[in-house]
Amino acid sequence: MFAYYPQSQFQPCPECGAPVPNEEDDAHRCEGRRFIEYQMLMLRPEIVAFESDLSEWLDTPQGQFAKYYAERERLAA
């Protein structure tokens, strides 16, 4: 048996995620705020991974020296 799935009248914009009517695909312009929020949502896994990687690196000898040197330079300025 085959199930019937009706076609949606809207498709998500690949840039901002907004629902765009199929017939108005070319006329759509992304809103700045929505575009940024959607891009941040899509980058969230990478942001979390970066925070984790940075935390791990700061525990290495090189990271410890970088923290010390940054603090020293900040206080000297």
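Visitor: What does Y68 count as, given its relative accessibility?
Guide: In this predicted model, the relative accessibility of Y68 is 49%. A residue is exposed only over 50% and buried only under 20%. Y68 lies between these cut-offs and therefore counts as partly exposed.

Visitor: How many aromatic pairs does the structure hold?
Guide: The aromatic residues F65, Y68 and Y69 make up one cluster. Counted as pairs of rings, the aromatic pairs in the structure number two.

Visitor: What is the pair formed by the rings of F65 and Y68 called?
Guide: The ring centres of F65 and Y68 are 6.0 Å apart, and their planes meet at 50°. Planes under 30 degrees apart would count as stacked and those over 60 as edge-to-face. The angle for F65 and Y68 falls between these limits, so the pair is tilted.

Visitor: What is the pair formed by the rings of F65 and Y69 called?
Guide: Here the centres of the rings of F65 and Y69 lie 5.9 Å apart. Their planes are at 20°, and the limit for this class is under 30 degrees. The pair of F65 and Y69 is therefore stacked.

Visitor: In which helix do F65 and Y69 both lie?
Guide: F65 and Y69 are four residues apart, about one turn of the helix. F65 and Y68, three residues apart, are likewise separated by about one helical turn. The helix that holds F65 and Y69 is α2.

Visitor: Which residue forms a salt bridge with R33?
Guide: R33 is exposed, with a relative accessible area of 66%. Its partner stands four residues away in helix α1, about one helical turn from R33. With the closest N and O atoms 3.1 Å apart, the residue bridged to R33 is E37.

Visitor: What is the N to O distance in the salt bridge of E71 and R74?
Guide: E71 and R74 are three residues apart in helix α2, which covers residues 61–76. E71 is partly exposed at 36% relative accessible area, whereas R74 counts as exposed at 53%. Their side chains meet with an N to O distance of 2.7 Å.

Visitor: Which residues make the nonpolar surface patch of about 350 Å²?
Guide: One member, F35, lies in helix α1, which spans residues 32–58. F35 has a relative accessible area of 31%, and patch members need over 30%. The nonpolar patch is made by F35, I36, M40 and L43.

Visitor: What separates the C-alpha atoms of Q39 and E15?
Guide: Q39 lies in helix α1 and is partly exposed, at 26% relative accessible area. Along the chain, Q39 and E15 are 24 residues apart. Their C-alpha atoms are separated by 7.6 Å.

Visitor: In what order do the elements of the protein run from the N terminus on?
Guide: The protein has two helices and two strands. Read from the N terminus, the strands precede the helices, giving the order β-β-α-α.

Visitor: What radius of gyration does the protein have, where a compact globule of 77 residues would have one near 11 Å?
Guide: The C-alpha trace spans about 65 × 40 × 10 Å along its principal axes. Of the 77 residues, 8% count as buried. Against the value near 11 Å for a compact globule, the radius of gyration of the protein is 23 Å.

Visitor: What share of the area that the protein exposes do carbon and sulfur atoms supply?
Guide: The protein exposes about 7,200 Å². The part supplied by carbon and sulfur atoms is 58%.

How values were computed:
Residues numbered from 1 in each chain as written. Predicted model: local features only at pLDDT ≥ 70, side-chain atom pairs only at ≥ 80, totals over all residues. Heavy atoms only, no water. Patch = residues over 30% accessible without salt bridge, like charges linked within 9 Å, V, L, I, M, F, W, Y side chains within 5 Å. Areas by Shrake-Rupley, 256 points an atom, 1.4 Å probe, with all protein chains shown as cover. Salt bridge = Lys/Arg side-chain N within 4 Å of Asp/Glu carboxyl O. Buried < 20%, exposed > 50% of the residue type's maximum accessible area, 1.4 Å probe, protein only. Rg over C-alpha atoms; globule rule 2.2 N^0.38 Å. Phe/Tyr/Trp six-rings, centres within 6.5 Å; stacked < 30°, edge-to-face > 60°.
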